[in-house]
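Here are my notes on this one, as promised. Have a look at the model first, then read on.

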Amino acid sequence: LRTFIKSLYARQVSALGFEPRADEGDKISLMRPLILGMAGKCGDEVVLKEARVRFDRFIAGDSSAIHPKLRGVVYSLIIRNGGQAEFDQVLNLYQKFTVPDQKLSALGALGASRKPSVIMAALELSKRDDLVRPQDCMYIFRTVGVNTAGRRLCWEFVQQNWKFFYDRYYRGSISLLSRVVSFSTQEFSKAVDADAVEKFFADKDVSSIDRT
């Protein structure tokens, strides 16, 4: 399937590239990160090599190396194909940035790893109020929740820390508590998982988020 997707996307990857053109419309600028992100996830070596080169230049101080609309995609591909070092580099960017959208693009990428230890490091950040605002940790849950290597780790993490998230959000933001549930469970597709989720919440006070 990955081979098929790479061949399907190859023409667009070649046509779009990493640099936007002055005369292109909004649809093209929105399509570029989708195309490059999917091709990179499927192992397109051209995309992964270019993402690495631009990331290294960006880390070295060249702020023009990665267009702002592509930063989240590049960060995700670097973390997905790297290890703890790449995670730490993007985490450092998150801590350094002051512009909200730049911070959130880095934060959302932290859950893209394929390595369990790195995925757990990302999830643990959701409890670090000194680093991540409580309302922003949903960016981590969303990324890990759709990560095939991380979705079960995410659900296990939520179960183990349910009291923490319940106490944090129940009186302040029910919508955020709902997202903790949905992001950690919505990618499951087996009846046994549905039964497990139902069983876990059977003795919990979820009257305010019962639909979720």
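1. The lining of the largest pocket breaks down by class into 13 nonpolar, nine polar and eight charged residues. Here Ala, Val, Leu, Ile, Met, Phe, Trp, Tyr, Cys and Pro count as nonpolar, Asp, Glu, Lys and Arg as charged, and the others, Gly among them, as polar.

2. Keep in mind that this is a predicted model: local features need pLDDT of at least 70 and side-chain atom pairs count only at pLDDT 80 or more, while totals for chains, interfaces and linings use all residues. Residues are numbered from 1 along each chain as its sequence is written, and side-chain values use heavy atoms, with hydrogens and water left out.

3. That pocket has a volume of about 1000 Å³. A pocket is an open set of points on a 1 Å grid over the protein atoms alone, where a 1.4 Å probe fits, with protein on both sides within 12 Å along at least five of seven lines; lining residues have an atom within 4 Å of a point. The volume is the space filled by probe spheres set on the points, which are joined across faces, edges and corners.

4. Of the 30 lining residues, Lys41, Gly72, Val73, Ser76 and Thr143 are the closest to the centre of the largest pocket. α2 gives the most to the lining, seven residues. Helices are DSSP runs (H or I, at least four residues), numbered from the N terminus.

5. Now for a helix pair: Arg71, Gly72, Tyr75, Ser76 and Ile79 in α4 meet Gln102, Ser105, Ala106 and Ala109 in α6, contact meaning heavy atoms within 4.5 Å. By class, that makes four nonpolar, four polar and one charged residues.

Definitions and conventions:
Helix = DSSP H or I, 4+ residues; strand = E, 2+ residues; numbered from the N terminus.
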